[in-house]
Amino acid sequence: MEPAEKTVRVDVWLWRARFFKSRSLASKFVRDGRVRCGDGEHARRLARPSAVVRPGDILTFARNGGIMCVRIARLGDRRGPPAEAQTLYDTVEADKS
């Protein structure tokens with residue numbers, strides 16, 4: 001039997017990846033409809049902080065006056081130091097065509 005695919009709540013992942021100082025700020029950001037999730041082809045707006053994400057998902061959101069597109073590489077087990085948090089995602093370049 002295959003193990004169940006690992007997932008984590010989007011607010012928890014955004015907090016672990018250090019995009020937000022607190023999980024409550026990450027939750028509010030998601031509830032405000034400011035995060036999109038997709039596989040590169042189709043993206044959907046996430047409306048609930050409890051929405052699950054998995055490795056390979058691409059998250060798009062506004063950050064520091066610009067648009068961030070990141071591919072989830074790992075889910076992480078904790079909110080670690082910044083160097084550890086940067087291993088949780090890869091930056092995706094926006095298609096300019």
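This is a short talk on the core, the aromatic pairs, the salt bridges and two backbone angles of one predicted model.

I will start with the core. The largest nonpolar core has 23 residues, and the members that touch the most others are Trp 13, Leu 14, Phe 19 and Leu 59. Five elements each give two or more residues to this core: helices α1, residues 10-16, and α2, residues 23-31, and strands β2, 35-38, β5, 58-63, and β6, 66-72. The top contributor is α1, with 4 residues. As general background, nonpolar side chains in soluble globular proteins tend to be buried together.

Take Leu 14 from that list. What is Leu 14 in contact with, once its neighbours within four places in sequence are left aside? The partners are Phe 19, Phe 20, Ala 26, Val 30, Val 35, Leu 59 and Phe 61. Two of those partners, Phe 19 and Leu 59, are themselves on the list of members that touch the most others.

Now the aromatic residues. There are 6 aromatic pairs in the model. One of them joins Trp 13 and Phe 19: the centres are 6.1 Å apart, the planes stand at 35 degrees, and the pair is classed as tilted. Trp 13 and Phe 19 are both buried. Trp 13 also pairs with Tyr 89, this time edge-to-face, at 6.3 Å centre to centre and 75 degrees between the planes. Trp 13 sits in helix α1 and Tyr 89 in strand β7, residues 89-91, so this pair ties together parts that are 76 residues apart in sequence. Both Trp 13 and Tyr 89 are buried.

Which residues make up the aromatic cluster? Trp 13, Phe 19, Phe 20, Phe 29, Phe 61 and Tyr 89 form one cluster. Among these, Phe 19, Phe 20 and Phe 61 have already come up as contacts of Leu 14.

Next, the charged side chains. The count of salt bridges is 4. I will begin with Arg 9 and Asp 11, whose side chains meet at 3.0 Å, N to O. How accessible are the two ends? Arg 9 is partly exposed, at 31% relative accessibility. Asp 11 has a relative accessible area of 0%, so it counts as buried. Arg 23 joins these two, and Arg 9, Asp 11 and Arg 23 are linked in a network of salt bridges.

Asp 11 has a further polar partner. The side chain of Ser 27 makes a polar contact with the side chain of Asp 11, at 2.7 Å. Ser 27 lies in helix α2. Is Ser 27 buried or exposed? Ser 27 has a relative accessibility of 9%, and because the cut-off for buried is under 20%, it counts as buried. Neighbours within four places in sequence aside, Ser 27 is in contact with Asp 11 and Pro 49.

There are two other salt bridges to show. The side chains of Lys 28 and Asp 32 meet at 2.9 Å, N to O. Lys 28 is partly exposed at 41%, and Asp 32 is partly exposed at 42%. The side chains of Arg 78 and Glu 84 meet at 2.6 Å, N to O. Arg 78 has a relative accessible area of 49% and is partly exposed. Glu 84, at 25% relative accessibility, is also partly exposed. In general, side chains of opposite charge can pair when their charged atoms come close.

Last, the backbone. Most residues other than glycine have a negative phi. Two residues here are worth pointing out on that account. Arg 18 has a positive phi, near 65 degrees, and is not a glycine. Where is Arg 18? Arg 18 is in the loop between α1 and α2. Its relative accessible area is 33%, so Arg 18 is partly exposed.

The second is Asn 64, again not a glycine, with a positive phi of about 55 degrees. Asn 64 is in the loop between β5 and β6. At a relative accessible area of 72%, Asn 64 is exposed.

To go back over the main points: Trp 13 is in the largest nonpolar core and pairs with Tyr 89 edge-to-face. Asp 11 is buried, is linked with Arg 9 and Arg 23 in a network of salt bridges, and has a side-chain polar contact with Ser 27.

Conventions:
Residues are numbered from 1 along each chain as its sequence is written. This is a predicted model: local features need pLDDT of at least 70, side-chain atom pairs count only at pLDDT 80 or more; totals for chains, interfaces and linings use all residues. Side-chain values use heavy atoms; hydrogens and water are left out. A nonpolar core is a set of buried Ala, Val, Leu, Ile, Met, Phe, Trp, Tyr and Cys residues joined through side-chain atoms within 4.5 Å. Buried means under 20% relative accessible area, exposed over 50%, partly exposed in between (1.4 Å probe, protein chains only). Contact means heavy atoms within 4.5 Å. A polar contact is a pair of N or O atoms within 3.5 Å; within protein, one must be able to donate a hydrogen and the other to accept it, and residues adjacent in sequence count only if both atoms are side-chain atoms. Rings of Phe, Tyr and Trp (its six-membered ring) pair if their centres lie within 6.5 Å; planes under 30 degrees apart count as stacked, over 60 as edge-to-face and the rest as tilted.
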